[in-house]
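Open the model in your viewer and keep the selection box at hand. The tour goes stop by stop.

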Amino acid sequence: MTKKRKLFTYFLVLFSTVAASFAFYLWQVYSSPNLNVDGKETFVLYIPEGSDYNQVLDSLRSHNIIHNEIAFGFLTKRKGYREEIKAGRYEIPPNSSNNTIISKLLAGRQDPVKLTFNNIRTKEDLVRKIGSRLAFNGEELLAKLRDEDTANKYGFTSETFMNMFLPDTYFIYWTVTPDAFLDRMHSEYKKFWTEERKAKAESIALSPDQVSILASIVQSETNKKDEMPVVAGVYMNRLRIGMPLQADPTVKFAVGDFSLKRILHKHLSIDSPYNTYKNTGLPPGPIALPERVALDAVLNYQKHNYTYFSAKEDFSGYHNFAENFNEHIKNAQRYQTALNQRGIR
């Protein structure tokens, strides 16, 4: 082999080695998988509004999400991410490459929060349930829920405003503002109240707000879906004849103690528009957030002649229904005896 040929071969090998090394480096920078602590769980990165690059890097570093910080830093600079920090909630699957992570953050491709709320009685309950799941300040939302002008904006009063929130599972971006959250809930409310449901409400002489209020009482009386239309029928009968609803859950709401096992005479005498033993008609607002099944139970209430009901003495959660007071007293006495036997005071 001539000297010239040997030199050519040497430079060819050298070039190939450098090219391979450079290609490997580029692969590391762009495509090398990053491992979180166990390499199995998706990491959720929260970037608050106003964060800078160093704060994002600190969060990733503290959770061992990137293993080649130099390569990661090089790529963030090359792609211009350091000047384009977008707030949000980002899910980063295990073994995601630098390029995958940075491209997602740069584009602001947030992953929504799966937000479920139910068993809500008050505005404070609602804020506690969702306040820690979203970025906004819960007190800011609570102030809006208590504000008459905000309620009016959506067609409610401050007392009926809670009717707008339908218990369900929603997918909402973490960075949503309180106003945008209210807009979303109003949109879901309008989707539920179709023309067909509005027509049903009108046919039973109730407004959508009144349906929601009555549904909140029905749901508080029974968690048995098949019994809800029967209970709703009892209250519709009472409303029709001008009889007080005499719903124990409204008294608990008026007292502010939802743990009460027995409603006593001292509770029945409380002066409150929510005490349906002292006032006829519906209370001014819901006593809980009724679920869709309860709302539909009112809209499709069972027509019957019952005007009374009492919890069954077997504590099954179902009720004994009666058409007259004497029959009701017998049912109620059986339940009271069962309470006494169990020492429930």
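Axes here are lines fitted to C-alpha atoms, for helices over the stretch in contact, and angles run from 0 to 180 degrees between N-to-C directions. Keep in mind that this is a predicted model.

**Stop 1: α10 and α11**

Select residues 208-221 for α10. Add residues 228-241 for α11. The axes of α10 and α11 lie 9 Å apart, and the angle between these helices is about 130°. That makes α10 oblique to α11, because angles of 65 to 115 degrees count as roughly perpendicular and only those over 145 as roughly antiparallel. The crossing of α10 over α11 is right-handed.

Now show side chains. On the α10 side, pick Leu214, Ile217, Val218, Gln219 and Glu221. Facing them from α11 are Met228, Val231, Ala232, Tyr235, Met236 and Leu239. Which classes make up this contact of α10 with α11? Nine of its residues are nonpolar, one is polar and one is charged.

**Stop 2: bring in α14**

Select residues 292-299, which form α14. Look at α11 against it: the axes are 8 Å apart and the packing angle is about 50°. α11 is therefore oblique to α14. Here too the crossing is right-handed, with α11 passing α14.

Colour Met228, Pro229 and Ala232 in α11. Then colour their partners in α14: Val293, Ala294, Ala297 and Val298. The contact of α11 with α14 has seven nonpolar residues, no polar and no charged ones.

**Stop 3: α10 against α14**

Keep α14 and go back to α10. Their axes are 8 Å apart, at an angle of about 110°. So α10 is roughly perpendicular to α14. α10 also makes a right-handed crossing with α14.

From α10, select Val211, Ser212, Leu214, Ala215, Val218 and Gln219. They meet Ala294, Leu295, Val298 and Leu299 of α14. What is the class mix of the contact of α10 with α14? Eight residues are nonpolar, two are polar and none is charged.

**Stop 4: the largest pocket**

Hide the contacts and turn on a surface. The volume of the largest pocket is about 1800 Å³. Its lining takes in 50 residues. To find the centre, select Glu221, Asp248, Pro249, Lys252 and Tyr335, the lining residues nearest to it.

Which elements supply at least two residues each to the lining? They are α10, α11, α12 (248-255), α13 (265-268), β5 (308-311) and α15 (325-341). Select α15 for the largest share, seven residues.

Finish by colouring the lining by class. The largest pocket shows 27 nonpolar, 13 polar and ten charged residues. Glu221 links two stops: it is in the contact of α10 with α11, and it is one of the residues nearest the centre of the largest pocket.

Technical notes:
Residues are numbered from 1 along each chain as its sequence is written. This is a predicted model: local features need pLDDT of at least 70, side-chain atom pairs count only at pLDDT 80 or more; totals for chains, interfaces and linings use all residues. Side-chain values use heavy atoms; hydrogens and water are left out. Helices (H or I, at least four residues) and strands (E, at least two) are DSSP runs, numbered from the N terminus. Angles under 35 degrees count as roughly parallel, over 145 as roughly antiparallel, 65 to 115 as roughly perpendicular and the rest as oblique. A crossing is left-handed if the near helix is turned anticlockwise from the far one by less than a right angle, and right-handed if clockwise. Contact means heavy atoms within 4.5 Å. Ala, Val, Leu, Ile, Met, Phe, Trp, Tyr, Cys and Pro count as nonpolar, Asp, Glu, Lys and Arg as charged, and the others, Gly among them, as polar. On a 1 Å grid over the protein atoms alone, a cavity is a set of points where a 1.4 Å probe fits but cannot get out, and a pocket is an open set with protein on both sides within 12 Å along at least five of seven lines; lining residues have an atom within 4 Å of a point. Grid points are joined across faces, edges and corners, and a volume is the space filled by probe spheres set on the points.
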